[in-house]
Each structure stands twice: as C-alpha cells, then as structure tokens.
Amino acid sequence: MRAGFETPNTPAVSEPLAPERPEVATVLIVDDEESARRLCADIATEEGLRVRTAGTTEQALETLDETPVDIVMTDLRIPELGGLELLRRIREHYPKVAVLVVTQYGTIQTAVEATRLGASDYVTKPFHIEELRRKLQRLVHEQELDQENRVLREQLRTRPGYKELIGTSPKMQRVYKLIEKVSQHNYPVLILGESGTGKELVARSIHFSGARHHKAFVPLDCSALVPTLIESELFGYVKGAFTGAMHTKPGVFESADNGTLFLDEIGNLPTDMQAKLLRVLQEREVKPVGSNDRLTVNVRIIAATNRDLEAAVRENTFRKDLFFRLNVVQIKLPPLRERKSDIPLLVQAFLERFADPGRPLPVLAEDAMARLTSYDWPGNIRELENAIERAVALGSGPILHSGDLPSNLHYASTTEPAPTSDEIVPLDEMERRAILHALDESAGDKLMAARLLGIGKTTLYRKLKQYQSQAKDLST
Ligand SMILES: Nc1ncnc2c1ncn2[C@@H]1O[C@H](COP(=O)(O)OP(=O)(O)OP(=O)(O)O)[C@@H](O)[C@H]1O
Ligand SMILES: [Mg+2]
C-alpha cells in the first residue's frame, strides 16, 4: 500500500460491498487531517461506497489517474494545490466525476466559488453526519442516473431507423423495414395511425430516403381545405379564372412535380373531391381552374389518416376505388402505448431537443420515468414531446421528478393488466410474471425492464437473484 493511502474498514476493492448492488460507486476522500478522513471514510463505507483516500492534491490526482472514481470529496484547504485547483483539474480531465467540496464554517463565499467552478455540492466543517450522508446518497443517485443517461445517449447515436424517427421496438423495426422498401419505389403509400404517432414524419422519411429526395415534398392538409377552394388548391388556376385570380398559380400537384405530394388527413376529403383526385391519379394529368389545357404531372402520392378508412368505405363516405388506389402499400403506425419500451429513448431525444444548450442536460428521476411508462399516451408521441418540453421549461433543477410532469399524467393509468382468466394468482407470482413480461418486452435489458415496472434496478436485480436461488432450491 502506498504511503498516505488508507482503506479504513474497507473490504477488498474488487469485492462488491452490498451483494444486491451490481455496481458500487467509488468515492475519493481528500483531506490532510487523518481524523476527518477516517470519519468521512466510515460514513461513506456505511453508505455502501468503495472508499479511497488521499492526504494531498498530488495523491488525489494520482489516484484519479489509476482508479475509476465516481465522486471526489475534497477539503478546500489542502496541500499542495488547494481544493479549488484540484476541482478545476478534475473538471478538465475527469468531467464525469462529481465533486463534493468541504469548506470551513463561515467560508460560504469559497463554497459559492467552488459551485461556480463546477462542484456538485458542498458541506461545511464541522460535519453534520446526516447531512453528509444525504449529500453522498444524492450524488451516488445522480451518478447512476447520469450513467443510465449515457447509455441512452449512445443508443440514440447508434440507433437504427430513419434520421428523426426514434424507437428500437420490434414494431418500429417493422416500420423501418417498410419505409426502406417503399422508398425505392413510386407506388402510393397509405399511412394509418392514431393522432401524434408520427405519420407525417414517416411520410417525410419515405420521401427523403428515396430517389425523389432532391425534389419537393409538398404536404397538403385535406381537413384544412376550404371546400370552395379545394380545386384551385389541388390543380392551380390561371389568371382571371375567378374574381381575385390576379395571376396564374400552380396547384399542389404541379408544385410536387417529380417529388412527393403528402395528402394528410385524406379521410376528411369531401366525396366530390375524391372523384376528382382519383381522376388525377389515374390520368396523371391536372387541369388548372380556368384553363383548357391539361398538364402532365409525375407525382408520388403518400396519404395519411387517423380515421378507419375501411369503415368509411363501408359507410360510403369514402370512395372504394380511391381507397384501392391509395392503399397499394399500407403502413400502420403503432400507438405509443404498444411500444412503451421506446419511451426512455424518445424522452432522451426530447430532453436533448428542449434543454438549454448552456446548461447540463437534465435527467429524469426514476419516479418520473415510472410515471411516463405507466401512462397510456392517448396523444402519443406528440403528447410525450409536449410533456417533456413543459418539464424542461418548468422543472426546478437538473433532475426532473414526477412532480415536474403535467398533472394529467398523475391520474391512474388506464393500463390495467388484462385479466386472462378467473384464476386467482398469488401476489408474488403476479409480480414474478410482471417482471418476466417486462424483461421480454425490453429484450432482456434489465435497466429498461426496471423502468417499465417503475422500480429501481437494484430491486429488480434482487428479485431476479431471488428467483434464481428459488429455482436452484427446486432443482436440488
Ligand atoms: N418515432 C418518432 N420519433 C421521434 N419523434 C417522433 C416520432 N414520431 C412522431 N414524432 C414527433 O411527434 C410529433 C407528431 O408527429 P407527426 O406530426 O408526424 O404525427 P401525426 O401522426 O402526423 O399526427 P396527427 O395525426 O395529429 O397529424 C412530431 O413533433 C414528431 O416530430
Ligand atoms: Mg399529421
């Protein structure tokens, strides 16, 4: 052991302290007073942390160089460089390490300066043991969240799929495969899905990953069309065609020539216009209002609706022939409640989108993530996006808690596990099934499974261990 290093009451470094805790955080205690070092080391050990100690900044930097450290707890009056310089170097060379500074009573100004330099928190000497305990616990918790966040960020960077489309669930993988296929062709695509499931985003992905990507993508919201203007909107008009037609204006078909026309909310197109639209699709020609000439157009059609078009066909509110024309390939987007394993990744993307670039990226506490994954999201991704935007704007600190989420999310979720039979299942068996189901849903990703279940990952590990030993008992 090197001079100046002690491991008071600390078991061997490679041995995890608490068996149910898979990863143990390491805290490096930097203080030139041995008694202070010992006291802090005892407290940290009791908190289940792995402890290293150093009596000087030089020793502290050596330890940081040699061992992975999660938290540094340093006195500010410390030889040789002083605590503030040590803090500065840690920020520069070990940006992931959290620093808790210890100041003398009455030197709050230095503590403020330390926080400005990037210290996570401070405590004053003489210690309030409970306060130190709490602060250490909080830092460990924040580090865990940060670690989870890093995993998510990495997943975001390397995710499969289409630029802005986020989600790795099997249902989204199927959507990506379809997009890939249809983007190489020109036939019409009909995108179906509830409101906010990403229909427009999928339409754009098809256009921008196909051969027409350098030509126009023209969206037309069929539900926002004024009935009297639909025809001129679709086919354009020539100067003098009607009162107010001061000059010739191309319609959306002409604007989308060689590109893609996205007919959004197609289910809301009035019946008489449906016939006209069908004709253009068949003849590939448009006749601007007031003109005798027909223009040939080469337009790829992608249509979308949140309505049940087949039911509309049965009820004669949507033309069958137009439906067949548009429904060459159908892409059905899953509602968010059917792909909840994508929620953490979506949340991460939205946090990155909405966070103030000058500040550290906020992270979601477990209670908030549990709330998000237990809610049913009738407004789908748009609703989730709005919830995160709101939480980032109104949240009180770098960690967002469930209280920072919109209040409607706090009412009981509508997801009730569907009773499969009248069989009465003991509670612990139900719990076991829920855990297995969550592991299935998250393809074995334990962190994700814990999130889906709304429990900490430590609890999940403990339960899994318990099942394993029960299984062993049974087999012997
Ligand atoms: N898979 C996804 N990944 C990331 N963001 C998404 C995804 N799907 C949708 N969004 C976002 O959610 C919001 C709603 O998406 P979009 O407008 O494409 O949905 P929509 O199905 O067309 O909704 P509506 O039926 O209400 O028009 C947009 O801000 C979009 O960027
Ligand atoms: Mg839309």
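**Close-up views of the predicted model**

**Figure 1. Leu190 faces Ala303 of strand 13 across a strand pairing.** The model is a predicted one, in which local features need pLDDT of at least 70 and side-chain atom pairs count only at pLDDT 80 or more, while totals for chains, interfaces and linings use all residues. Residues are numbered from 1 along each chain as its sequence is written, and chains are lettered from A and ligands numbered from 1 in the order in which they are written. Helices (H or I, at least four residues) and strands (E, at least two) are DSSP runs numbered from the N terminus, and two strands pair if DSSP finds at least two bridges between them. Strand 6 (residues 189-192) runs parallel to strand 13, with four bridges between the two. Strand 10 (residues 260-264) is likewise parallel to strand 13 and is joined to it by four bridges. Within this pairing, Leu263 has Ala303 as its bridge partner.

**Figure 2. Strand 13 (residues 300-305) is mostly covered.** Six of its six residues are buried, that is, each has 20 or more other C-beta atoms within 10 Å of its own; a residue with 12 or fewer is exposed, and one in between is partly exposed, with C-beta atoms placed from the backbone. In a regular strand the side chains alternate between the two faces of the sheet. In strand 13, Arg300, Ile302 and Ala304 point one way, whereas Ile301, Ala303 and Thr305 point the other way.

**Figure 3. The largest nonpolar core has 38 residues.** A nonpolar core is a set of buried Ala, Val, Leu, Ile, Met, Phe, Trp, Tyr and Cys residues joined through C-beta atoms within 7 Å. The residues with the most contacts inside the largest core are Ile191, Val202, Phe253, Leu261, Leu263, Ile302 and Ala303. A second, separate core contains 34 residues, including Ile29, Leu49, Leu64 and Ile90. In soluble globular proteins, nonpolar side chains tend to be buried together. Over the chain, 32% of the 476 residues count as buried.

**Figure 4. Strand 1 (residues 26-30) is mostly covered and pairs with strand 2.** Four of the five residues of strand 1 are buried. Strand 1 and strand 2 (residues 50-54) run parallel and are joined by five bridges. Opposite Ile29 stands Thr53 of strand 2.

**Figure 5. A shell of 17 residues surrounds ligand 1.** A residue is counted as near the ligand if its C-beta atom, placed from the backbone, lies within 6 Å of it. Ile166, Ser195, Gly198, Lys199 and Glu200 come nearest to ligand 1. Helix 7 (199-208) and helix 15 (380-394) are the elements that give two or more residues to this shell. The shell comprises five nonpolar, seven polar and five charged residues; Ala, Val, Leu, Ile, Met, Phe, Trp, Tyr, Cys and Pro count as nonpolar, Asp, Glu, Lys and Arg as charged, and the others, Gly among them, as polar. Domain 2 (181-334) and domain 3 (337-410) each supply at least three residues of the shell, the domain bounds coming from an automatic or database domain assignment.

**Figure 6. Glu389 in helix 15 touches Phe350 and Phe354.** These contacts leave out residues up to four places away in sequence, and two residues are in contact if their C-beta atoms, placed from the backbone, lie within 7 Å. Glu389 counts as partly exposed because it has 14 C-beta neighbours inside 10 Å. Between Glu389 and Ala355 the C-alpha to C-alpha distance is 8.3 Å, although they are 34 residues apart in sequence. In the chain, among contacts between residues at least 6 apart in sequence, 69% join residues at least 24 apart.

**Figure 7. Cis peptide bonds join Pro79 to Glu80 and Lys125 to Pro126.** Omega is about 0° for the bond between Pro79 and Glu80. Glu80 belongs to the loop between strand 3 (71-75) and helix 3 (83-93). For the bond between Lys125 and Pro126, omega is about -5°, and Pro126 is placed in the loop between strand 5 (121-125) and helix 5 (129-157).

**Figure 8. Glu265 and Asn316 have positive phi values without being glycine.** Phi is near 55° for Glu265, which lies in the loop between strand 10 and helix 10 (271-283). Glu265 is partly exposed because it has 19 C-beta neighbours inside 10 Å. For Asn316 phi is about 60°, and this residue lies in the loop between helix 11 (309-314) and helix 12 (320-326). Asn316 counts as exposed because it has 9 C-beta neighbours inside 10 Å.
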